[in-house]
Amino acid sequence: MRAAEDSSTHRLHEVPPREAGADALPGGAVAPVDLMSLLAAGGLVPLRLGGRTLLPIVQGGMGVGVSAHRLAGSVAALDGVGTISSVDLRRLHPDLMERTSRLAPGKAATLAAKEAINAANLEALEREIRAARVLAGGRGLLAINVMRAVSEYGPSVKLALECGIDAVVVGAGLPLDLPDMAQDHPNALLVPILSDARGVQLLVRKWMRKNRLPDAIVLENPRLAGGHLGAAKVEELHDPRFEFENVIPQVLAFLREAGIEREIPLIAAGGIRSHADIARVQALGASAVQLGTPFVATHECDASDAYKRVLTQAREEDLVEFISGAGLPARAVATHWLKSYLKAEPKLQEVAHVKPRCTLAFDCLIQCGLRDGRPGWGQFCIDTQLAAAVRGDEKKGLFFRGVGALPFGDRIVSVRELMERLLTPQTSASAPPVEPA
């Protein structure tokens, strides 16, 4: 593993500075607050999943390399659900990048390059799962997030299950085949990401025919979430059917009618930033929340400091919605690259055509707007732009981000501090200063 592991492991056992809510120890040391006690004191309900009692906080999967072992393992160690994103993890491992960066993308070598890159990514995934498990120390749950739209969806799910991952979370498409893929791993939790009641009904009914139920369902509001969004078109992102006040009761009604309401906890995702947000969705019937962007603003996040700075300094007016190379609506920070791309997009769409091969030789997506020349889909290499972002290259990177001011403004804090803030009701004295409009 890379050298950063030693420092991340060390940080996990350090007690971060905190302003309030801690018990003093001899010598001025500070004892960590028991997060389950905070949960109860704040009137929130724990998440019961996979036979465990957990904090109702799920850290969302973020690629390329944004949520890997350091972040996922640190969240799980505090009795949350930590999530590794499976996408192109080799970029976090210098030896694997060295092994694959010199592969020729020419026609004759494309197949060999594709096989080598995919093998390197699977090796990286195994390393990350193993390292996250060490950090978690047997607490919480560890999940892998795999996009249904990526070409290595099947191999990534298979490897993660063989590595003993606790949960497989799948979005960016309906994972109707996931029960079949996991049939030899009955203890693995299967969690689809959906956005409306119709999608939930379709998937649950299909899975029931396979004698399998989702162990939980993430309901993601595309009006608020970051990255790839669960709507067919940008124009649909603000459809009322996605609002938590609508979708949570509708899904609960369907589950109740099917007699399985108590068996499938709902996890609300998108725009969750505070204790009040968690309390609101739990009052609607959700069991937990999933959030991604706030976890980027932590020391343990696997992305670069420059990446974190771009996301924490972005404001509402800096966010833009567009169609990605995967053909899905997406939300990101309007950086120099994204502004330039969107300005040129009409001309790029006019000349869109099928390419003889993938720009990076490994065909990361099943269907790609750039490679396949699909009109209306993004005409850029999404892996290239996301990889530039995780390095902190604002001029070339694509920085996905969700809606809403972050709990600590533009400060970078520890995972523990963030989770304490989310579990604690905020008063005017403890809330962060209001940002200027």
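**Exercise 1. Classify glutamate 236 by its relative accessible area, and then place the residue among its salt-bridge partners.**

Solution. In this predicted model, glutamate 236 has a relative accessible area of 24%; since buried means under 20% and exposed means over 50%, glutamate 236 is partly exposed. The next step is to look for a partner, and arginine 241 forms a salt bridge with glutamate 236, with the closest N and O atoms 3.7 Å apart. Arginine 241 has a relative accessibility of 22% and therefore also counts as partly exposed. Finally, the pair belongs to a wider arrangement, because a network of salt bridges links Glu236 and Arg241 with Asp196, Arg198 and Asp239.

**Exercise 2. Determine which parts of the chain are tied together by the salt bridge between arginine 52 and aspartate 166.**

Solution. Begin with the distance: the closest N and O atoms of arginine 52 and aspartate 166 are 4.0 Å apart, and the two residues form a salt bridge. Next, locate each residue: arginine 52 lies in strand E4 (residues 52–54), whereas aspartate 166 lies in the loop between helix H6 (153–162) and strand E8 (167–171), so the pair ties together parts that are 114 residues apart in sequence. As to accessibility, arginine 52 is partly exposed at 33%, and aspartate 166 is partly exposed at 22%.

**Exercise 3. Treat the salt bridge between aspartate 79 and arginine 139 in the same manner, and state whether each residue is buried or partly exposed.**

Solution. The closest N and O atoms of aspartate 79 and arginine 139 are 2.5 Å apart. This pair links distant parts of the chain, 60 residues apart, with aspartate 79 in the loop between helix H3 (69–77) and strand E6 (81–85), and arginine 139 in the loop between helix H5 (110–136) and strand E7 (141–147). Aspartate 79, with a relative accessibility of 15%, counts as buried, while arginine 139, at 43%, counts as partly exposed. For the structure as a whole, the count comes to 23 salt bridges.

**Exercise 4. Explain why helix H16 can be described as largely enclosed, and identify what covers its buried residues.**

Solution. Helix H16 spans residues 415–423, and nine of its nine residues are buried, so the helix is largely enclosed by the rest of the structure. The buried residues include Val415, Leu418, Met419, Leu422 and Leu423, as well as Arg416, Glu417, Glu420 and Arg421. The cover includes helix H2 (35–41), strand E5 (57–59), H3, helix H10 (275–284), strand E13 (288–291) and helix H11 (293–296). Taking one residue of H16, arginine 416 is buried with a relative accessible area of 17%; its C-alpha lies 8.5 Å from that of serine 74, although the two residues are 342 apart in sequence.

**Exercise 5. Describe the largest cavity by its volume and its lining.**

Solution. A search of the whole structure finds four cavities of 30 Å³ or more, and the largest cavity has a volume of about 170 Å³. Of the 14 residues that line this cavity, Ser86, Val87, Asp88, Asn121 and Glu152 are the closest to its centre. Sorted by element, the largest share of the lining, four residues, comes from H5. Sorted by character, the lining of the largest cavity divides into six nonpolar, five polar and three charged residues.

Definitions and conventions
Residues numbered from 1 in each chain as written. Predicted model: local features only at pLDDT ≥ 70, side-chain atom pairs only at ≥ 80, totals over all residues. Heavy atoms only, no water. Salt bridge = Lys/Arg side-chain N within 4 Å of Asp/Glu carboxyl O. Helix = DSSP H or I, 4+ residues; strand = E, 2+ residues; numbered from the N terminus. Buried < 20%, exposed > 50% of the residue type's maximum accessible area, 1.4 Å probe, protein only. Contact = heavy atoms within 4.5 Å. 1 Å grid on protein atoms, 1.4 Å probe; cavity = no way out; pocket = protein on both sides within 12 Å on 5 of 7 lines; lining within 4 Å. Points joined across faces, edges and corners; volume = space filled by probe spheres on them. Nonpolar A, V, L, I, M, F, W, Y, C, P; charged D, E, K, R; others polar.
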